[in-house]
Amino acid sequence: MVILLDLGLPDGDGIDLTRRIREWSTTPIIVISARGKAQDTIAALDAGADDYLTKPFGVGELLARLRVALRHATQLIGGGAAVEPVVTIGELSVDLAARHIVVRGEEVRLTPTEYKLLACLVRSAGRVLTHRQLLKEVWGPNAIEHTHYLRVYMAQLRHKLERDPARPHYLLTELGLGYRLRAE
């Protein structure tokens, strides 16, 4: 499967949609747009698109790009690199596709920012994510110096997900570096 996405959507921005899809899916995304400026292409690719095609284009070129996207997707799946949209660690279950979080059998509601932070940690479970990485991913490149954002939101997540927020089991602090989600 390949997603063909036009940036000029009637009810939203295609770049934002690309970011949201990337939170839970590795399905190839080819952006098709009348926007031909380099910054539009860069923004779409940085948001997670695999390719960018400017209108007007030939059908042959589109078909060739579809074949490439499908070939890369097949290699990813064959190599075992595809990510499952549901991650379960102990009593914590995160369904990235449905944006559904369950802890100890109870559904947990998160704010959009809390969800983005948790999704980053889930996608990198077991690995340390630096303060800068998390700030850039969740709040954008202009927020990389605002570590207090991260402390506040990690505290909120711990209160919602941990049995004892003062002694977290899932959301671990790596002193002086960042945070990681325990991988079991």
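User: Before we look at any residues, what counts as a pocket here, and what is a lining residue?

Analyst: A pocket is an open set of grid points with protein on both sides within 12 Å along at least five of seven lines, and a lining residue has an atom within 4 Å of a point. The general idea is friendly enough: rolling a probe the size of a water molecule over the atoms shows where empty space is left. Keep in mind that the model we are reading is predicted.

User: Thanks. How many residues line the largest pocket, and which lie nearest its centre?

Analyst: Its lining has 27 residues, and R19, D46, A47, R123 and E137 are the ones nearest the centre. The volume of this largest pocket is about 870 Å³. Two or more lining residues come from each of α1 (14-22), α2 (38-47), α4 (112-123) and α5 (131-139). Among these, α5 gives the largest share, 6 residues.

User: What is the chemical make-up of that lining?

Analyst: Sorted by class, the lining of the largest pocket holds 12 nonpolar, 5 polar and 10 charged residues.

User: And the second largest pocket: what is its volume, and which helix gives the largest share of its lining?

Analyst: The second largest pocket has about 170 Å³. Of its 12 lining residues, P28, D50, V68, A69 and H72 are closest to the centre. Helix α3 (residues 59-78) supplies the largest share, 6 residues. By class, this lining splits into 6 nonpolar, 2 polar and 4 charged.

User: Let's turn to the sheet. In what order do its strands run?

Analyst: Strands of a sheet pair through backbone hydrogen bonds, either parallel or antiparallel. In this model, 4 strands make an open sheet in the order β6-β7-β8-β9, with antiparallel pairing. The edge strands are β6 (86-89) and β9 (106-108); each has a single partner strand, so one side of each lacks a neighbour in the sheet. From one strand to the next, the twist averages 20 degrees.

User: How many bridges join β6 to β7, and what lies between the two strands?

Analyst: There are 4 bridges between β6 and β7 (residues 92-95). Within that pairing, V86 has D95 as its bridge partner, and V87 has V94. The two strands form a hairpin with 2 residues between them, and G90 in the turn has a positive phi of about 60 degrees.

User: Which side chains of β7 are buried?

Analyst: Side chains alternate along β7: L92 and V94 point to one face and are buried, whereas S93 and D95 point to the other and are not.

User: What does β7 do on the β8 side?

Analyst: Strands β7 and β8 run antiparallel and are joined by 4 bridges. Here S93 stands opposite V102 in β8. Their hairpin has 4 residues between the strands, and R99 takes a positive phi near 55 degrees.

User: Finally, how do I read single residues: is T18 buried or exposed?

Analyst: Relative accessibility under 20% means buried. T18, found in helix α1, is buried because its relative accessibility is 0%. Beyond its neighbours within four places in sequence, T18 is in contact with L5, I29, A44, A47, G48 and A49.

User: Which class does A183 fall into, and what does A183 touch?

Analyst: A183 lies in the segment after β12 (178-181). Its relative accessibility is 47%, so A183 counts as partly exposed. Not counting residues up to four places away in sequence, A183 touches I89, A125 and G126.

Notes: Residues numbered from 1 in each chain as written. Predicted model: local features only at pLDDT ≥ 70, side-chain atom pairs only at ≥ 80, totals over all residues. Heavy atoms only, no water. 1 Å grid on protein atoms, 1.4 Å probe; cavity = no way out; pocket = protein on both sides within 12 Å on 5 of 7 lines; lining within 4 Å. Points joined across faces, edges and corners; volume = space filled by probe spheres on them. Nonpolar A, V, L, I, M, F, W, Y, C, P; charged D, E, K, R; others polar. Buried < 20%, exposed > 50% of the residue type's maximum accessible area, 1.4 Å probe, protein only. Contact = heavy atoms within 4.5 Å. Pairing = 2+ DSSP bridges. Axes fitted to C-alpha atoms, helices over the stretch in contact; angles between N-to-C directions.
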